[in-house]
Amino acid sequence: MTAMLFLLQRASAGVLALAAAVHLATIVYAVRGGLTAGEILARTEGNAAYLAFYGVFVLAVAVHVPLGLRNVLREWLGWKGRVCDGALAAFAFVLLALGVRAVAALYLA
């Protein structure tokens, strides 16, 4: 199980690195192009590519962050077992729910 969690965290880190680079490049492009927030939202509304990209971004965050936090809590606080795993699973769900809500708002702008 530990090896699988390790691989999940590393894979999600790779997705996050790529997604963050694309996200930042898009921001730079939009700002240098003089787009306003309203114009940016108008371009994202109903755009399935943005929905898919940011959906993958949110999923990677919801996987990566709780796994990293799990390692920190285990090493620094000695918090182990089902209670720790359950709390972090709930945290992952909250991250996923909030992220999906934000992506849906961007898509439905």
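**Helix packing and surface in a predicted model**

Reader: With which residue does Asp 85 form a salt bridge?

Author: The model shown here is predicted. In general, side chains of opposite charge can pair when their charged atoms come close. For Asp 85, the closest N and O atoms of the pair are 2.9 Å apart, within the 4 Å required of a salt bridge. The partner of Asp 85 is Arg 70.

Reader: How many residues apart are Asp 85 and Arg 70?

Author: Asp 85 belongs to helix α4 and Arg 70 to helix α3, so the salt bridge links distant parts of the chain. By the rule applied, the count comes to one salt bridge. Along the chain, the separation of Asp 85 and Arg 70 is 15 residues.

Reader: Is Arg 70 buried or exposed?

Author: Its salt-bridge partner, Asp 85, has a relative accessibility of 32% and therefore counts as partly exposed. The relative accessible area of Arg 70 is 15%, and the cut-off for burial is under 20%. Arg 70 is therefore buried.

Reader: How are α3 and α4 oriented to each other?

Author: Two packed helices are described by the angle between their axes and the distance between the axes. For α3 and α4, the axes lie 9 Å apart and the angle is about 160°. Their crossing is right-handed. Because an angle over 145 degrees counts in this class, α3 and α4 are roughly antiparallel.

Reader: What is the orientation of α1 to α3?

Author: Helix α1 covers residues 2–32, and its axis is 8 Å from that of α3, at an angle of about 135°. This angle falls outside the ranges for roughly parallel, perpendicular and antiparallel, so α1 is oblique to α3. The handedness of the α1 and α3 crossing is left-handed. In summary, the orientation of α1 to α3 is oblique.

Reader: Which helix gives the most to the nonpolar patch?

Author: The nonpolar surface patch is about 790 Å² and is made by Val 65, Leu 69, Val 72, Trp 76, Leu 77, Trp 79, Val 83 and Phe 91. Helices α3 (48–77) and α4 (82–108) each supply at least two of these residues. With five residues, the helix that gives the most is α3.

Reader: What does Leu 69 count as, at its relative accessibility?

Author: Leu 69 is found in helix α3 and is one of the residues of the nonpolar patch. Its relative accessibility is 32%, which lies between the cut-offs of 20% and 50%. Leu 69 therefore counts as partly exposed.

Reader: How far apart in space are Ala 62 and Ala 19, C-alpha to C-alpha?

Author: Ala 62 lies in helix α3. It counts as buried because its relative accessibility is 8%. In sequence, Ala 62 and Ala 19 are 43 residues apart. Their C-alpha to C-alpha separation is 14 Å.

Reader: What distance separates the C-alpha atoms of Ala 90 and Pro 66?

Author: Ala 90 lies in helix α4. Its relative accessibility of 43% means that Ala 90 counts as partly exposed. Pro 66 is 24 residues from Ala 90 along the chain. The distance between their C-alpha atoms is 9.3 Å.

Reader: By what distance are the C-alpha atoms of Ala 30 and Ile 40 separated?

Author: Ala 30 is found in helix α1. With a relative accessible area of 7%, Ala 30 is buried. Ala 30 and Ile 40 are ten residues apart along the chain, and their C-alpha atoms are separated by 7.5 Å.

How values were computed: Residues numbered from 1 in each chain as written. Predicted model: local features only at pLDDT ≥ 70, side-chain atom pairs only at ≥ 80, totals over all residues. Heavy atoms only, no water. Patch = residues over 30% accessible without salt bridge, like charges linked within 9 Å, V, L, I, M, F, W, Y side chains within 5 Å. Areas by Shrake-Rupley, 256 points an atom, 1.4 Å probe, with all protein chains shown as cover. Salt bridge = Lys/Arg side-chain N within 4 Å of Asp/Glu carboxyl O. Helix = DSSP H or I, 4+ residues; strand = E, 2+ residues; numbered from the N terminus. Buried < 20%, exposed > 50% of the residue type's maximum accessible area, 1.4 Å probe, protein only. Axes fitted to C-alpha atoms, helices over the stretch in contact; angles between N-to-C directions. Parallel < 35°, antiparallel > 145°, perpendicular 65-115°, else oblique. Left-handed = near helix turned anticlockwise from the far one by under 90°.
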